[in-house]
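Thank you all for coming. I would like to take a few minutes to walk through one structure with you, beginning with how two of its chains are related and then turning to how they meet.

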There are 4 protein chains.
Amino acid sequence: MENRLDALKKDAFALSIGISILEVGEGCAKGKMVISPTHLNGVGTVQGGALFTLADYICAVAANSREKSAVSLDGHIDFIKAVSSGTLIVTAKEVFLRRTIAAYMAEIRREEDNVLVATFQSKFYRKD
Amino acid sequence: MENRLDALKKDAFALSIGISILEVGEGCAKGKMVISPTHLNGVGTVQGGALFTLADYICAVAANSREKSAVSLDGHIDFIKAVSSGTLIVTAKEVFLRRTIAAYMAEIRREEDNVLVATFQSKFYRKD
Amino acid sequence: MENRLDALKKDAFALSIGISILEVGEGCAKGKMVISPTHLNGVGTVQGGALFTLADYICAVAANSREKSAVSLDGHIDFIKAVSSGTLIVTAKEVFLRRTIAAYMAEIRREEDNVLVATFQSKFYRKD
Amino acid sequence: MENRLDALKKDAFALSIGISILEVGEGCAKGKMVISPTHLNGVGTVQGGALFTLADYICAVAANSREKSAVSLDGHIDFIKAVSSGTLIVTAKEVFLRRTIAAYMAEIRREEDNVLVATFQSKFYRKD
């Protein structure tokens with residue numbers, strides 16, 4: 001597990017957009033991203049891809065907190081509230097854990113006012 | 001429409017990760033992203049968030065090629081083949097266009113060998 | 001609201017497969033379906049379509065507990081545990097409620113052992 | 001393969017709602033359902049669960065046309081056009097086929113006017 005979390009911590013893309021891991025537990029994780037001008041789309045709100053990356057990455061951390069290596073099969077995001085500034089906090093938790101498949105869900109909220117920005121679901125393939 | 005596509009072309013996040021628009025038609029669009037080291041995750045393949053951003057952004061371009069402004073409601077990506085290098089081409093097309101809701105799907109393929117990297121679906125809310 | 005819930009209670013398809021509404025609250029609902037031989041697929045477990053119908057119908061009840069009429073845009077189900085007998089309980093709750101779009105999630109569990117059978121998400125368009 | 005398709009043909013739920021298989025090919029299948037009063041919801045249009053069952057079942061037939069047994073992991077449906085009468089035709093095709101995971105997509109159209117009623121995506125786990 002250490003090696004896999006170490007690999008995740010070297011994720012160049014997640015690092016380049018400023019995501020940091022706050023907590024890792026058994027099947028759960030928490031992360032954050034402070035909104036900066038490079039996260040914004042053409043109308044000045046956080047781009048959907050930046051939100052997806054935040055949720056997807058922290059779910060991958062949660063999925064790889066288990067004894068097996070987990071590779072993402074898919075990701076689904078619902079965009080709820082467009083935001084332009086502040087600190088985004090994502091919390092990921094396990095929905096189910098089967099032998100070869102596991103699922104995680106995550107919520108992205110703004111720290112300052114707790115507004116729900118996006119919800120996310122993802123399934124992972126678990127390797128032996 | 002011009003103004004909306006102009007706004008899309010100023011998307012700081014899409015620009016910062018190197019996505020470019022190749023074509024825009026009626027309800028369709030094509031884009032590309034040359035894989036670079038900053039797109040990679042901890043195991044050296046293109047990060048899911050980079051793939052999502054590519055597909056999501058080009059679908060937004062396709063959705064905003066219509067007479068109404070379109071705002072993304074959700075995005076779903078299936079990760080099919082992990083890749084580490086090459087040029088990714090995304091093609092987006094309309095699945096349906098209703099008065100207030102429209103849907104788009106996209107495929108990401110590698111230009112060099114045409115391998116299917118990911119498929120994507122997204123729904124948009126169309127404003128009057 | 002009464003009229004809409006009344007219409008929902010006359011849903012011929014839901015009635016024909018034996019789904020009943022247990023509770024309706026503000027943005028939430030609970031229902032049940034006792035597994036019978038007509039719910040089963042060719043390998044003797046509850047068919048995915050029967051599970052989908054159970055979750056989708058009870059989410060529609062939850063969505064129409066609000067002041068506006070709500071029409072389903074989509075539904076997503078994850079199949080977690082195949083079951084062959086017992087009573088299925090579904091609980092639906094609101095994820096978000098915006099002016100024109102709302103989202104609900106539901107869990108289907110078997111009453112006898114609380115095993116998680118499926119999870120479900122659905123978005124609705126809210127009419128004025 | 002014969003045994004699996006034979007099992008699928010004995011699906012009590014699909015049979016009870018009147019779905020029939022029209023064609024089975026390599027990774028593809030076609031089916032139909034003639035709309036009857038028992039398929040309708042409380043406002044007189046085909047219930048989402050009936051549409052889901054039609055698409056999900058024919059995708060399962062397509063998935064089990066391959067050399068391995070395939071079990072559905074999830075299903076996602078977008079509801080496009082509400083219909084009340086006619087014959088629904090569903091066509092399912094493979095999106096990708098990996099060693100342990102495969103994906104299918106389907107379209108439901110009304111035979112009489114070719115109107116697009118729903119689109120569907122599903123992933124399957126392939127057993128050895």
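Before the comparison, a word on how it is done: copies are superposed by least squares on the C-alpha atoms of residues with pLDDT of at least 70 in both. Please keep in mind that what you see is a predicted model.

With that procedure, chain B is superposed on chain A by a rotation of 180° with 0.0 Å of shift along the axis, and the RMSD is 0.0 Å. The two copies are therefore related as by a two-fold rotation axis. If you look for the residue of chain B whose C-alpha is nearest that axis, you will find His76(B), at 2.1 Å. The two copies also use the same surface, since 100% of the contact residues of chain B recur in chain A.

Let us now look at the contact itself, to which chain A gives 32 residues and chain B gives 32 residues. On the side of chain B that touches chain A, helices H1 (2-9), H2 (12-16) and H3 (48-63), together with strand E3 (69-79), each supply at least two residues, and the largest share, 8 residues, comes from E3(B). Sorted by class, that side of chain B has 14 nonpolar, 12 polar and 6 charged residues.

Which way do the two E3 strands run when they pair? Strand E3 of chain A, residues 69-79, and E3(B) pair in the antiparallel sense, over 5 bridges, and in this pairing Asp74(A) has Asp78(B) as its bridge partner.

Key:
Residues are numbered from 1 along each chain as its sequence is written. Chains are lettered from A and ligands numbered from 1 in the order in which they are written. This is a predicted model: local features need pLDDT of at least 70, side-chain atom pairs count only at pLDDT 80 or more; totals for chains, interfaces and linings use all residues. Two residues are in contact if their C-beta atoms, placed from the backbone, lie within 7 Å. Helices (H or I, at least four residues) and strands (E, at least two) are DSSP runs, numbered from the N terminus. Ala, Val, Leu, Ile, Met, Phe, Trp, Tyr, Cys and Pro count as nonpolar, Asp, Glu, Lys and Arg as charged, and the others, Gly among them, as polar. Two strands pair if DSSP finds at least two bridges between them.
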